[in-house]
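This report describes a structure in terms of its overall shape, its burial and a few chosen residues. The sequence and the coordinates come before the discussion.

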2 protein chains.
Amino acid sequence: MNMDQSWKELNEELGKARALEEAEILFEWDNETLAPPAAMEYTARTMERLAGMYFRIMTGDRLGELLEKCRDRQGTEEEQAVLRAAEKKRRELILVPAEEYEAYSGLKARASALWARARKAEDFERFAPALEEIIACRKRFAAGRAKEGQSLYDVMLDEFEEGFSSEKLDRFFALLRKELVPLLEQIREKGTEIPCSFLQGGYSGEGQEKLAEYLAKYLGFDFERGVMGVSAHPFTTALHSRDVRFTTHYDSRVDHSLFSVIHECGHGIYEQGISPLLVQTAAGEGASMGMHESQSRFYENMIGRNRAFWEPVYPRLQELFPGCLGNIDMETFYRAVNRVEPGPIRIEADELTYSLHIMVRYELEKGLIAGEISVGDLPGLWEKKYEEYLGIRPQSVSQGVLQDIHWSQGSIGYFPSYALGSAFAAQIYGYMNKEMDMEELMRTGRMDVIREYLREHVHQYGKRKNSREILREMTGQEFEPAYYVEYLKEKFRRLYGI
Amino acid sequence: MNMDQSWKELNEELGKARALEEAEILFEWDNETLAPPAAMEYTARTMERLAGMYFRIMTGDRLGELLEKCRDRQGTEEEQAVLRAAEKKRRELILVPAEEYEAYSGLKARASALWARARKAEDFERFAPALEEIIACRKRFAAGRAKEGQSLYDVMLDEFEEGFSSEKLDRFFALLRKELVPLLEQIREKGTEIPCSFLQGGYSGEGQEKLAEYLAKYLGFDFERGVMGVSAHPFTTALHSRDVRFTTHYDSRVDHSLFSVIHECGHGIYEQGISPLLVQTAAGEGASMGMHESQSRFYENMIGRNRAFWEPVYPRLQELFPGCLGNIDMETFYRAVNRVEPGPIRIEADELTYSLHIMVRYELEKGLIAGEISVGDLPGLWEKKYEEYLGIRPQSVSQGVLQDIHWSQGSIGYFPSYALGSAFAAQIYGYMNKEMDMEELMRTGRMDVIREYLREHVHQYGKRKNSREILREMTGQEFEPAYYVEYLKEKFRRLYGI
């Protein structure tokens, strides 16, 4: 069999795996947005079967042989990226024996259910044994992959953010701790009250939907290649770059849906910008979790919470909600959506405190994997760290250690990507601002210029480059968290007159 | 390997196939209701891959061995039905070699595209060669399955409606021709004009949506186990009995969406009524195309176009559209939605002329497969038969021989099921009416009694019984088309005072 034939067959095999993945993605989307309640348990079984078939293809001997045969093939950059991405996925799966993979899937489903019940009952003990099992499993899998001298937690970090280790993250979070915790204290001491009551009440669902569509189009989300839906928790998903979907959720606070739309559009615009040459391949996704989050937070914070962005957009908002915002000037609105208000819940956090929530989780999960912290210590440590970094104490475990589903799903090493994303975004913004006048572009509504620049330097590559390469080649620097800290310090000192 | 182990493995293998089928169903639903335009071609590729995997499982040696091993297993009735349904599906697929299966899929896609273009261009010649290929393919596949002395068309009929042959259908359609064609002539000669202009205009989409939801709930479609959507052409689909979906379409004519909802709810209530013991199995679908259509037409015509049905419902309709219907009494409305108006388009046909449209198609496809009619003869014969049976001539091929997509998709032998469905429905209604006072139940809104009766005698069985068995065991008679003819004659003679 010659190389071209092997390559063709490899792509057929990967094509089958991709079709199964897309089916799973569609089922997830459908579950969250539409499926009838009674379908749940049956859909779960169907998805398990699809996942099983995917696992067998990805870990199968046939794929192994074909990958081996194609290893030295001189393909295009895209083709080589597909090969690398497929090899990485196979590597991650193959170290888990098929029986254990299924047992692990079962464990995750059970742990998530227990987490939901424990959270409702405000009873951490109910969840603790399952979390211990999850941690043991994750450690066992990581041990099988660990390189000489690599800690198990570093293996997990690398899975979500290639090339990032706890050494790098320790430095990153140390900087945040050193700079942001005192800044937050200063803001709290100053005690400036920023009025924001006008953000709540009187915003019709219909008006919010119109606003959502307007914003998505304004930012450049392409409805030829994507759709918007409604779900309990906003999310973005993509079958591939020609079918990108995001949701929002309408409640009584207009800024909830508004910023969730801008955030999810950041994810969506990323997916839509991936090169057509990578469509429906293993490399046709965002570079990493952190790089994805960088784009959503770039849009949400650097753009969406920038005064210049609102200059052309705020009048439109007033038009949509004359009763609520007719008498509120833009500056008042701008300050309201940027106010700092430490609270116990991560997903409701403001721009400044967000990464402090992540820092708590990072320190705890790192300690858990290293064996320095036991599961039983978590609720107490959680409260202690919230007190220390955010100056508040959660009033219950559902508002504390049980608020996030991630650990129950085995996602350990995942949280740091959220904070890294924000820091990547600030570095990208800082660099772009040297290349072009970002605020002038926002003031004149030139979202296309910003979007095109990001597409060219970030989006198009999909998994052709990892997040470190993208940052280095775009900004000429390695990952540099100082951008993030400086950005936050400057913005919030000015806002609070410190 | 003992029998229980084989049975377990058989169900795992069939479970994978079912998961792939459900994924395809979900993609189809999504395509029609939501997916962005640019996704089309990529979704087609994904569905092809899923279909390929399904085909390999269903025709694979492993499934063959497991079916063989389980053949003599003494299972429950449901288990035996699953075995029979799986064997039937395998039999239908296995005679097509894998390469030819893919070529045939390609041909169908090409033929459907050519059909759409030919229809738009009003140019039958563009479609003719592809139709010839389709016919040749279908004949070749049927030849591989034909029993001693069985005609190829009978093989195709049996595929859609087990136990029905052209001999039976010839008798059926001969009766329709003898009784309905003269009845239609009498109606036309009498020339009674039934006013119906009030059905058009002024019906808001919002009001129609409320009406659609109201009707679906009123009929007993269960929204815990189903959803309603909107698409260009109304349809019903089911992943399984716990996830049943139908669509409607809102235009300026209120009766279009109204009767499409009642019709699709008939399909949906059937699927929701299938025994939970058959969920997600090869036997967990309706008995046949004809039996499915019997339930949709039972609801649409026997129920939805019955005066008694509207007695409790019509005031609700007037409430929703006071401007349009406030001054229209129920009798006027009843007559308007039952008026006879022969036209060239099947899917717009009234209750009386519907099966005459089918008769034209039956005679033509039977002749095509027997080689007595050539593809080139179709447009001329089509016009001739419409003139003869319906007294009209289509003004163009798009209103004539090119109006339906079915043949381009290889569905030959499928059309008769539509007429059979109407006739099954009349037989079922006739029988039920002896058991209970159907009109009294409608008048008092006891849709639950009617639905439960159908569930017990028809729906619950899924594919455990074929349509002939269901009819025989329910009504104590073989299929008897006289019910249908008598029902139509009585209804329309009375309506037109003949």
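Of the 498 residues of chain A, 59% count as buried. The model is a predicted one, and the predictor assigns the complex an ipTM of 0.91 and a pTM of 0.92. For chain A the average pLDDT is 95, and 100% of its residues score at least 70.

**Chain A as a whole**

Chain A contains 21 helices and three strands. A compact globule of 498 residues would have a radius of gyration near 23 Å, and the value for chain A is 23 Å, so the two agree. The C-alpha trace of chain A spans about 70 × 50 × 50 Å along its principal axes.

Contacts in chain A often link distant parts of the sequence: taking pairs at least 6 residues apart, 73% of the contacts join residues at least 24 apart. The exposed area of chain A is about 20,200 Å², of which carbon and sulfur atoms supply 47%. Chain A carries 64 positive and 83 negative charges, and the mean positions of these two sets are 1 Å apart.

**Sites in chain A**

Helix α3 of chain A covers residues 61-70, and its buried residues are Leu63(A), Gly64(A), Leu66(A), Leu67(A) and Cys70(A). These buried residues of α3(A) pack against three helices of chain A: α1, α2 (40-59) and α4 (77-94). As a general point, an α-helix has 3.6 residues a turn, so residues three or four places apart point the same way.

Glu32(A) belongs to helix α1 of chain A, which runs over residues 3-33. Its relative accessible area is 44%, so Glu32(A) is partly exposed. When residues up to four places away in sequence are not counted, Glu32(A) touches Val230(A), Ser231(A) and Phe235(A). Asn301(A) lies 269 residues from Glu32(A) in sequence, and the C-alpha to C-alpha separation of this pair is 26 Å.

Gln280(A) sits in the loop of chain A between α10 (254-273) and α11 (289-303). Although Gln280(A) is not a glycine, its phi is positive, at about 60 degrees. With a relative accessible area of 6%, against a limit of under 20% for the buried class, Gln280(A) is buried.

**Sites in chain B**

Glu122(B) also has a positive phi, near 55 degrees, and is a residue other than glycine. Its place is the loop between α5 (98-121) and α6 (124-145) of chain B. Glu122(B) is partly exposed, because its relative accessible area is 37%.

Two of the residues described here are in helix α8 of chain B. Asp170(B) is found in this helix, which comprises residues 166-190, and Ser166(B) has its place there as well. How do they stand in accessibility? Ser166(B) counts as buried at 13% relative accessibility, whereas Asp170(B), at 32%, counts as partly exposed.

Leaving aside neighbours within four places in sequence, Ser166(B) is in contact with Ser151(B), Tyr153(B), Asp154(B), Leu157(B), Tyr362(B) and Lys366(B). Asp170(B) touches Tyr362(B) and Lys366(B), again without residues up to four places away in sequence. Met359(B) is 189 residues from Asp170(B) along the sequence, yet their C-alpha atoms are 9.6 Å apart.

Glu162(B) is placed in the loop between α7 (152-160) and α8 of chain B. At 34% relative accessibility, Glu162(B) counts as partly exposed. Its contacts, leaving aside neighbours within four places in sequence, are Lys88(B), Asn466(B) and Arg468(B).

**Sequence and space separations**

The table sets out residue pairs by their separation in sequence and their C-alpha to C-alpha distance.

| Pair | Apart in sequence | Apart in space, C-alpha to C-alpha |
|---|---|---|
| Glu32(A) and Asn301(A) | 269 residues | 26 Å |
| Asp170(B) and Met359(B) | 189 residues | 9.6 Å |
| Glu162(B) and Ala287(B) | 125 residues | 9.3 Å |

Note on methods
Residues numbered from 1 in each chain as written. Chains lettered and ligands numbered in written order. Predicted model: local features only at pLDDT ≥ 70, side-chain atom pairs only at ≥ 80, totals over all residues. Heavy atoms only, no water. Helix = DSSP H or I, 4+ residues; strand = E, 2+ residues; numbered from the N terminus. Rg over C-alpha atoms; globule rule 2.2 N^0.38 Å. Buried < 20%, exposed > 50% of the residue type's maximum accessible area, 1.4 Å probe, protein only. Contact = heavy atoms within 4.5 Å. Areas by Shrake-Rupley, 256 points an atom, 1.4 Å probe, with all protein chains shown as cover. Lys, Arg positive; Asp, Glu negative; His and termini not counted. Charge placed at Lys NZ, Arg CZ, Asp CG, Glu CD. pLDDT = per-residue confidence, 0-100.
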